[in-house]
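This report describes internal cavities, surface features, backbone geometry and salt bridges. The sequence and structure are shown first.

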Amino acid sequence: MKIGFALPYLSNVAHQVDRTAEFAREAEKAGAASLWAGDRNFVAVNPKIGIGGLGDTFVPVEYRTAADPFVLLGVAAAATEQVKLGTNVLIGPIYPPVQLARSLTTIDLISGGRLIPGFGVGWSPEEFESANVEFTKRGARLNEMLDVLELMWTSDPVEYHGRHVEVPLQYAPLKPAHKPRPPFYIGTPTGARAALKRIGERADGWLPACIVPFFVDADSVLAQRAMINDFAKEAGRDPALIDTIMRVNIAEGTPLPQVADIIKSLSERTGIDEFMVESMSLPHIDASLDLVAEMMNLIKKG
C-alpha cells in the first residue's frame with residue numbers, strides 16, 4: 001500500500017511554508033509515496049455556495065489561508081528524489097491553459113517526471129468571478145483545457161480554437177520529462193456523473209475522497225468506479241488503465257490508529273492501494289511531520 005501526504009499549503013501550516021523543503025525531505029525519508037498540494041485561491045466573506053457546492057454556504061475557516069500550490073510543488077520537487085508530486089486538485093477552468101501548461105511542465109522537469117496533475121471544476125462562483133471565467137461553463141472549459149494541455153505537452157508548434165479557449169499558433173518546445181505526457185487525474189468529491197464520465201472518457205486517474213470517520217462509504221466508491229468503467233468501455237478505452245488514488249481527510253480529533261484501520265479496510269474492500277492523507281486542523285509543521293511518521297508506522301505494521 002502506498003501512502004502520500006499533503007504539503008503545508010493550507011490553514012495553520014501555510015504560515016510555515018518556509019519549511020516546505022524540510023517537510024518534503026522528512027516525509028520522503030519516512031516512506032511517503034507522494035506529496036500533494038490543493039488549490040484554494042480565496043474564500044468569499046459572503047459565499048454564494050458552500051464547500052463542495054452541496055447546497056449550503058458553509059466554508060471551513062481553514063480554507064481562508066492557502067499557499068500557492070505551484071510554488072510548493074516546485075520546492076518539494078527540488079528537495080526530494082523519488083516521491084510523486086501531485087495536485088488534489090487544481091481548479092483547472094480558472095487558469096489560462098498556456099500558463100498552466102508552463103507551470104506544470106516546469107515542475108515536472110524539476111522533479112524528473114514525478115508530477116501527478118489532478119484537476120477539478122471547482123465549486124466557488126466567486127473564484128470564477130475573480131478570474132473572469134463563466135462559472136456555469138466550467139465543465140466544458142475543463143474539457144478544452146485538457147485538450148490544450150495534451151497539445152502543449154506533445155506537439156510543437158501548437159494552436160487551439162475551442163468554444164471557451166483560444167490558443168494562437170505558437171512555438172511550444174519545452175516539454176515535460178514524463179513521456180508522452182504527465183497523466184491526467186480528475187477529482188470527484190461529490191461523485192458527479194459528468195465528472196465520472198469525463199474520467200472514463202479521457203482521464204488516466206481518478207481522485208475520489210472521504211472524510212474519516214464520518215463520510216466513508218466503500219459501496220459508493222465501488223458504484224462510482226463501476227460507472228467510470230462503463231464510460232471507459234463506451235469510449236473504447238480499457239478501464240484497467242485508469243488509476244485510483246483516494247484522498248483521506250481526517251476530521252479533527254480522530255485517532256490515527258482509527259484512520260489507519262479505515263484506510264486498510266477501504267483498500268481491502270475497494271482494491272485501492274494508494275491513498276493521500278490530509279488533516280486541516282494541525283497547528284504547525286512539526287505536528288504534520290509527527291502525523292507522517294506515526295501514520296507510516298501504523299500502515300507498515302499491517
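## Lining of the largest cavity

In this predicted model, helix 9 provides the largest share of the lining of the largest cavity, namely four residues. Helix 9 spans residues 285-300, and at least two lining residues each come from this helix, from strand 1 (2-6) and from strand 14 (274-278). The volume of this cavity is about 170 Å³. Its lining comprises 18 residues, of which Ala6, Leu7, Ser279, Leu282 and Ser288 are the closest to the centre.

What is the chemical character of this lining, by class? The lining of the largest cavity consists of 13 nonpolar, four polar and one charged residues.

## The second cavity

The search of the whole structure returns two cavities of 30 Å³ or more. The second largest has a volume of about 40 Å³. Its lining is formed by Arg40, Phe42, Val43, Ala44, Pro47, Ile49, Val59, Trp123, Ser124 and Glu126. By class, seven of these residues are nonpolar, one is polar and two are charged.

Arg40, one of the residues that line the second largest cavity, also takes part in a salt bridge with Glu127. That pair is treated below.

## Salt bridges

How many salt bridges does the structure contain by the rule applied? The count comes to 12. In the pair formed by Glu127 and Arg40, the closest N and O atoms are 2.6 Å apart. This salt bridge links distant parts of the chain, since Glu127 belongs to helix 4 while Arg40 sits in the loop between strand 2 (34-37) and helix 2 (69-79), with 87 residues separating them. Both Glu127 and Arg40 are buried.

A second pair consists of Glu150 and Arg181, with a distance of 2.9 Å between the closest N and O atoms. Because Glu150 lies in helix 5 and Arg181 in the loop between strand 8 and strand 9, the salt bridge ties together parts that are 31 residues apart in sequence. Are the two partners buried or partly exposed? Glu150 has a relative accessible area of 30% and is therefore partly exposed, whereas Arg181, at 13% relative accessibility, counts as buried.

Glu201 and Lys197 form a further salt bridge, in which the closest N and O atoms are 2.4 Å apart. Both residues belong to helix 6 (residues 193-202), and because they are four residues apart there, about one helical turn separates them. Glu201 is partly exposed at 37% relative accessibility, and Lys197 is partly exposed with a relative accessible area of 35%. In addition, Arg19, Glu22 and Asp286 are joined into one network by salt bridges that share partners.

## Backbone geometry

Most residues other than glycine have a negative phi, and most peptide bonds are trans. The following cases depart from that pattern.

The peptide bond from Asp156 to Pro157 is cis, with omega near 0 degrees. Pro157 is located in the loop between helix 5 (138-154) and strand 7 (158-161). The bond from Lys179 to Pro180 is also cis, again with omega near 0 degrees. Pro180 occupies the loop between strand 8 (166-170) and strand 9 (185-187).

Ser11 is a residue other than glycine with a positive phi, near 60 degrees. It lies in the loop between strand 1 and helix 1 (20-30), and it counts as buried because its relative accessibility is 9%. Asn132, in the loop between helix 4 (125-130) and helix 5, has a positive phi near 55 degrees. At 73% relative accessibility, Asn132 counts as exposed, the cut-off being over 50%.

## Nonpolar surface patch and a buried leucine

Which residues make the nonpolar surface patch of about 350 Å²? The patch is made by Ile211, Phe214 and Phe215. Phe214 is placed in the loop between strand 11 (209-212) and helix 7 (218-234). With a relative accessibility of 61%, Phe214 counts as exposed.

Leu90 belongs to strand 4 (residues 90-91). It counts as buried because its relative accessibility is 0%. Between the C-alpha atoms of Leu90 and Ile228 the distance is 21 Å, and the two residues are 138 residues apart in sequence.

Definitions and conventions. Residues are numbered from 1 along each chain as its sequence is written. This is a predicted model: local features need pLDDT of at least 70, side-chain atom pairs count only at pLDDT 80 or more; totals for chains, interfaces and linings use all residues. Side-chain values use heavy atoms; hydrogens and water are left out. On a 1 Å grid over the protein atoms alone, a cavity is a set of points where a 1.4 Å probe fits but cannot get out, and a pocket is an open set with protein on both sides within 12 Å along at least five of seven lines; lining residues have an atom within 4 Å of a point. Grid points are joined across faces, edges and corners, and a volume is the space filled by probe spheres set on the points. Ala, Val, Leu, Ile, Met, Phe, Trp, Tyr, Cys and Pro count as nonpolar, Asp, Glu, Lys and Arg as charged, and the others, Gly among them, as polar. Patches are made of residues with over 30% relative accessible area and no salt bridge: like charges are joined within 9 Å, nonpolar side chains (Val, Leu, Ile, Met, Phe, Trp, Tyr) within 5 Å. Accessible areas come from the Shrake-Rupley method with a 1.4 Å probe; for residues, only the protein chains shown count as cover. A salt bridge is a side-chain nitrogen of Lys or Arg within 4 Å of a carboxyl oxygen of Asp or Glu. Buried means under 20% relative accessible area, exposed over 50%, partly exposed in between (1.4 Å probe, protein chains only).
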